[in-house]
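This report describes selected helix packing, sheet and side-chain features of one protein chain. The structure follows.

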Amino acid sequence: MKQLIIISDMEGASGIFEENRSWIWNGGDDWRAHGRECITSDALAVVNAAIDFGIDDILLYDGHFAGNAEFNIILERLPLVVRVFDVPDRRFDWRRIRGQAEQNPSGLITFGQHARYGEADAYFPHTIQSPPIKNFYFNGKHIAEIGSAVLNFHNVPYLANIGCAASMREALELSDKIITIPVKDMSKKWEPSPQETYPIIYEGVTKALRNAENTPDITTGEPPYHFLMELCDGYIFDTSANISWKGTVDKTKAQWEAPSVEIGLELFNYVRALLREA
């Protein structure tokens, strides 16, 4: 295999549940003492499985609490074959992220993932930032952080999703060929420790890598690409602002078109800047 892309979040990490939600607060004492240990354990399970499979080039994007400079994963514990994307303060700069990877990476794995806003039986569900964002659509497909990451790497095989069981719904809508690796399940009250899930993740990633040649690329169709953002109650868009992209904005809904997926996802941040409390 060639290069492997791995993209992490934290709400779906092993060992982090409602009763210890302070473990996901980037910069906090509990995050530093406990939360980082949990997501680093998951990262090592993914990375070690990949290395043992024979992969020697891994690019990591640590996406939780994007905009804060400090990484959630303890990078010093990762093997040297793992490199991180060069993005200021780990921001969601999707064009810059995509531009640093190979043109045709062998595959993409997401881990530490949570479900979309409104999903049942989910740990910390939200759609990028909920509230204020209720829903986000790409060409009519309901996506959140998993979808944004995966679609940014369209034409790359999506191999596996690791995280909260409820997050698998979005992942499977993007590709029903992926390997799903839950590490906790609210509906079943299954809340194992990182030590228990490490072998589960390792075995699942190994299976996904073995199946990589049979996993289709993510496809997006032909441009222009259509994006739609809807707001939660209590929030509105500033409709007086002049916009320089092709789109429309009303009080609770913004729509726009883009010639590429990466540009469309980048415009997301410009649209979000128009948000106001009602």
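## Contact between helix 1 and helix 5

In helix 1, the residues Cys38, Ser41, Asp42, Leu44, Ala45, Val46, Asn48, Ala49, Ala50, Asp52 and Phe53 meet a set from helix 5, namely Pro194, Thr197, Tyr198, Ile201, Tyr202, Val205, Thr206, Leu209 and Arg210. By residue class, the contact of helix 1 with helix 5 divides into 13 nonpolar, four polar and three charged residues. The model is a predicted one.

Two packed helices are described by the angle between their axes and the distance between the axes. For helix 1 and helix 5 (residues 194–210), the axes come within 8 Å and cross at roughly 35°. The crossing of these two helices, helix 1 and helix 5, is right-handed.

## Ser41 in helix 1

Ser41 is found in helix 1. With a relative accessible area of 17%, Ser41 falls under the 20% limit and therefore counts as buried. Leaving aside neighbours within four places in sequence, Ser41 is in contact with Pro194 and Tyr198, and both of these partners appear on the helix 5 side of the contact listed above. Ser41 and Leu78 are 37 residues apart in sequence, with a C-alpha to C-alpha distance of 9.9 Å in space.

## The five-stranded sheet

Strands of a sheet pair through backbone hydrogen bonds, either parallel or antiparallel. Here, five strands form an open sheet in the order 6-5-9-12-11, with antiparallel pairing. Strand 6 (141–143) and strand 11 (247–249) are the edge strands, each pairing on one side only. From one strand to the next, the twist averages 20°.

Within this sheet, strand 9 (residues 225–231) and strand 12 (residues 253–258) run antiparallel and are joined by six bridges. Leu228 has Gln255 as its bridge partner in strand 12. Helix 6 (residues 261–272) packs on the sheet, where it touches strand 5, strand 9 and strand 12. The direction of helix 6 makes about 150° with that of strand 12.

## Helix 3 and Leu108

Which residues of helix 3 are buried? They are Glu145, Ile146, Gly147, Ser148, Ala149, Val150, Leu151 and Asn152. Because eight of the eight residues of helix 3 (residues 145–152) are buried, this helix is largely enclosed by the rest of the structure.

Two of these helix 3 residues, Ala149 and Val150, are touched by Leu108. Leu108 lies in strand 4 and is buried, with a relative accessible area of 1%. Not counting residues up to four places away in sequence, the other residues that Leu108 touches are Leu4, Ile5, Ile7, Phe153, Val156, Pro157, Tyr158, Leu159 and Ala160. Leu108 and Tyr158 are 50 residues apart in sequence, while their C-alpha atoms are 4.9 Å apart in space.

## Salt bridges

Side chains of opposite charge can pair when their charged atoms come close. In this model the count comes to 14 salt bridges, and three of them are described here.

Glu18 forms a salt bridge with Arg21, in which the closest N and O atoms are 2.6 Å apart. Glu18 is partly exposed, at a relative accessible area of 31%, and Arg21 also counts as partly exposed, at 37%. Glu70 pairs with Arg36, the closest N and O atoms being 3.8 Å apart. Since Glu70 lies in the loop between strand 2 (58–62) and strand 3 (82–84) and Arg36 in helix 1 (residues 29–53), this pair ties together parts that are 34 residues apart in sequence. Glu70 is partly exposed, with a relative accessible area of 32%, whereas Arg36 counts as buried at 12%.

A further salt bridge links the side chains of Glu119 and Arg169, at 3.1 Å from N to O. Glu119 is in the loop between strand 4 (107–113) and strand 5 (133–138) and Arg169 is in helix 4 (residues 168–174), so the pair ties together parts that are 50 residues apart in sequence. Glu119 is buried, with a relative accessible area of 18%, and Arg169 is partly exposed, with 36%. Salt bridges that share partners join Arg116, Glu119, Arg169 and Glu173 into one network.

Terms used: Residues numbered from 1 in each chain as written. Predicted model: local features only at pLDDT ≥ 70, side-chain atom pairs only at ≥ 80, totals over all residues. Heavy atoms only, no water. Salt bridge = Lys/Arg side-chain N within 4 Å of Asp/Glu carboxyl O. Buried < 20%, exposed > 50% of the residue type's maximum accessible area, 1.4 Å probe, protein only. Helix = DSSP H or I, 4+ residues; strand = E, 2+ residues; numbered from the N terminus. Pairing = 2+ DSSP bridges. Axes fitted to C-alpha atoms, helices over the stretch in contact; angles between N-to-C directions. Contact = heavy atoms within 4.5 Å. Left-handed = near helix turned anticlockwise from the far one by under 90°. Nonpolar A, V, L, I, M, F, W, Y, C, P; charged D, E, K, R; others polar.
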